[in-house]
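Reader: I'm new to this one and would like a guided look. Could you show it to me and then take my questions?

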Amino acid sequence: MTVLLFLLVLMLVYSIWTCTIRLGSRRLRCSRAFSQTAVFEGEEGQLVETVRNDTALMIPWLRIESRISPHLQLGRQERLHTADENYHCSLFTLMPHQQIKRTHRVKFLRRGAYDLGRAALTAGDLLGLCRFSYNQELRAPVLVYPSLLSQEALPLPVSRVLGEL
């Protein structure tokens, strides 16, 4: 009888905890930004992801997934590669009122204007019984200029032209 009562209380506490995680997940603060807003083609920079849990509850796992252009190469990060885009995934565990800042190295392979738009946030409990997800707009614009030419590749200045004037 006491074992049954204990299991019942345990299930009740677990269901209350998962419901509060679901409601508290809306108070998660996520942001992404590049270390520089303008770089040259071939240069490296940093992508900084910041996640803050403003609730009094632990978030056992939070996964942030987003599409990233294949012309932005993340260093040593597992990605799912498709024909046109890469999928970037970060996994976090957040204690109450904790903030985590994660930095990724990025190599800018091709010129253009890039923006990391929507991200899918998925969180859940320890046992994986309760899971919820929603989309959040995490803008991070960067402008990649063409690579600079070397001194030898530049044409001669007009003052050094040979011939008769």
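**Salt bridges and a sheet**

Author: Happy to. Counting the salt bridges here gives 7. One thing to keep in mind is that this is a predicted model.

Reader: Let's start with the sheet. In what order do the 4 strands of the open sheet stand?

Author: Strand 1 (residues 28-34) and strand 3 are joined by 7 bridges and run antiparallel. Strand 3 is also joined to strand 8 (residues 99-108), this time by 9 bridges, again antiparallel. With strand 5 included, the open sheet of 4 antiparallel strands has the order 1-3-8-5.

Reader: Which strands stand at the edges, and why is one side of each left without a neighbour?

Author: An edge strand here has a single partner strand, so one of its sides has no neighbour in the sheet. That is the situation for strand 1 and strand 5 (72-74).

Reader: By how many degrees are neighbouring strands of this sheet turned against each other on average?

Author: Direction is ignored for this value, and it is an average over neighbouring strands of the sheet. The turn comes to 30 degrees.

Reader: How many residues of strand 3 are buried?

Author: Buried means under 20% relative accessible area. Strand 3 covers residues 44-53, which is 10 residues, and the strand is mostly covered. The buried count is 7.

Reader: Which residue in strand 3 does R29 stand opposite?

Author: Strand 1 and strand 3 run antiparallel, with 7 bridges between them. Along this pairing, S31 faces T50 in strand 3. For R29, the residue opposite is R52.

Reader: Which residue forms a salt bridge with R29?

Author: R29 sits in strand 1, and its partner is in the loop between strand 3 and strand 4 (59-68), 25 residues apart in the chain. The closest N and O atoms of the pair are 3.5 Å apart, and the cut-off for a salt bridge is 4 Å. The partner is D54.

Reader: Is D54 buried or exposed?

Author: The bar for buried is under 20% relative accessible area. R29, at 43%, is partly exposed. D54 has 17%, so D54 is buried.

Reader: And over in strand 8, what is the bridge partner of Q46?

Author: Strand 3 and strand 8 run antiparallel and are joined by 9 bridges. In strand 8, the residue that pairs with Q46 is R105.

Reader: Which residue forms a salt bridge with R105?

Author: The closest N and O atoms of this pair are 3.8 Å apart. R105 is in strand 8 and the partner is in strand 3, 61 residues apart. R105 is partly exposed at 47%, and the partner counts as partly exposed at 48%. That partner is E44.

Reader: How far apart are the closest N and O atoms of E65 and R63?

Author: E65 is partly exposed, with 34% relative accessible area. R63 counts as partly exposed too, at 24%. The two form a salt bridge, and their closest N and O atoms are 3.5 Å apart.

Reader: Which residues are linked in a network of salt bridges?

Author: For this one, look for a group rather than a lone pair. The linked residues are D115, R118, E137 and R139.

Reader: Last one: what accessible area do V3, F6, L7 and L10 have together?

Author: F6 lies in helix 1 (residues 2-24). At 55% relative accessibility, F6 counts as exposed. V3, F6, L7 and L10 form a nonpolar patch on the surface, and their accessible area together is about 410 Å².

Definitions and conventions. Residues are numbered from 1 along each chain as its sequence is written. This is a predicted model: local features need pLDDT of at least 70, side-chain atom pairs count only at pLDDT 80 or more; totals for chains, interfaces and linings use all residues. Side-chain values use heavy atoms; hydrogens and water are left out. Buried means under 20% relative accessible area, exposed over 50%, partly exposed in between (1.4 Å probe, protein chains only). Helices (H or I, at least four residues) and strands (E, at least two) are DSSP runs, numbered from the N terminus. Two strands pair if DSSP finds at least two bridges between them. Axes are lines fitted to C-alpha atoms, for helices over the stretch in contact, and angles run from 0 to 180 degrees between N-to-C directions. Patches are made of residues with over 30% relative accessible area and no salt bridge: like charges are joined within 9 Å, nonpolar side chains (Val, Leu, Ile, Met, Phe, Trp, Tyr) within 5 Å. Accessible areas come from the Shrake-Rupley method with a 1.4 Å probe; for residues, only the protein chains shown count as cover. A salt bridge is a side-chain nitrogen of Lys or Arg within 4 Å of a carboxyl oxygen of Asp or Glu.
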